[in-house]
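Please look through the sequence and the model below, and then follow the text from one residue to the next.

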Amino acid sequence: QVQLVESGGGLAQPGGSLRVSCAASGIVSRFYDMGWYRQAPGKERELVAVITSRGSINYGDSVKGRFTISRDNAKNTVSLQMNSLKPEDTAVYYCNADPKESGFRMFWGQGTQVTVSS
């Protein structure tokens, strides 16, 4: 079975940092675009960052300049370094694996809570 397991969420102060990671199993993640999405209460899920199978990176506008996504294909992991955190970053963060191929499905992790509060 395919699993994406997030870790590293928790509580941070405004201006602080957190690093969340996602470990994939059941897939060879280097064949997938790997991304982070988040969803805050009462809001739609939004793109945070994605790193493609070729290594190209895109960030959501709200996190540009503050967050950094990276991947380690040998370890089947993807991480998100979050700096200069704001209360608005509070959300459940979800790991995503997208093969970008017709007939193949994407996968989601269960999510990890990130709370930014003083």
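Arg66 is buried, since its relative accessible area is 11%, where buried means under 20% relative accessible area, exposed means over 50% and partly exposed lies in between (1.4 Å probe, protein chains only). This is a predicted model, in which local features need pLDDT of at least 70 and side-chain atom pairs count only at pLDDT 80 or more, while totals for chains, interfaces and linings use all residues. Residues are numbered from 1 along each chain as its sequence is written, and side-chain values use heavy atoms, with hydrogens and water left out.

Arg66 belongs to the loop between strand E6 (57–59) and strand E7 (67–72); strands (E, at least two residues) and helices (H or I, at least four) are DSSP runs, numbered from the N terminus. From this loop, the side chain of Arg66 makes a polar contact of 2.7 Å with the side chain of Asp89. A polar contact is a pair of N or O atoms within 3.5 Å; within protein, one must be able to donate a hydrogen and the other to accept it, and residues adjacent in sequence count only if both atoms are side-chain atoms. With neighbours within four places in sequence left aside, Arg66 is in contact (heavy atoms within 4.5 Å) with residues including Met82, Leu85 and Asp89.

Asp89 leads on to a second arginine, for the side chain of Arg38 also makes a polar contact with the side chain of Asp89, at 2.9 Å. The side chain of Arg38 makes a polar contact with the side chain of Tyr93 as well, at 2.9 Å. Arg38 lies in strand E4 (residues 33–39) and, at 5% relative accessibility, counts as buried. Among the residues that Arg38 touches, apart from those up to four places away in sequence, are Glu46, Phe67 and Val92.

Tyr93 appears again in the largest nonpolar core, which has 28 residues and in which Leu4, Trp36, Leu80, Met82 and Tyr93 have the most contacts. Such a core is a set of buried Ala, Val, Leu, Ile, Met, Phe, Trp, Tyr and Cys residues joined through side-chain atoms within 4.5 Å. Strands that each supply at least two residues of this core include E3, E4, E7 and E9. Leu4, not counting neighbours within four places in sequence, is in contact with residues that include both Cys22 and Cys95.

These two cysteines, Cys22 and Cys95, are joined by a disulfide with an S to S distance of 2.1 Å, the term being used for a pair of cysteine sulfur atoms within 2.5 Å. Because Cys22 lies in strand E3 (residues 18–25) and Cys95 in strand E9 (residues 91–98), the pair ties together parts that are 73 residues apart in sequence. The link is left-handed, with -80° about the S-S bond. Cys22 is buried at 1% relative accessibility, and Cys95 is buried with a relative accessible area of 0%.

The count of aromatic pairs comes to one. The ring centres of Tyr37 and Trp108 are 5.1 Å apart and the planes stand at 65°, so this pair is edge-to-face; rings of Phe, Tyr and Trp (its six-membered ring) pair if their centres lie within 6.5 Å, with planes under 30 degrees apart counted as stacked, over 60 as edge-to-face and the rest as tilted. Tyr37 is partly exposed, with a relative accessible area of 22%, and Trp108 is partly exposed, with 31%.
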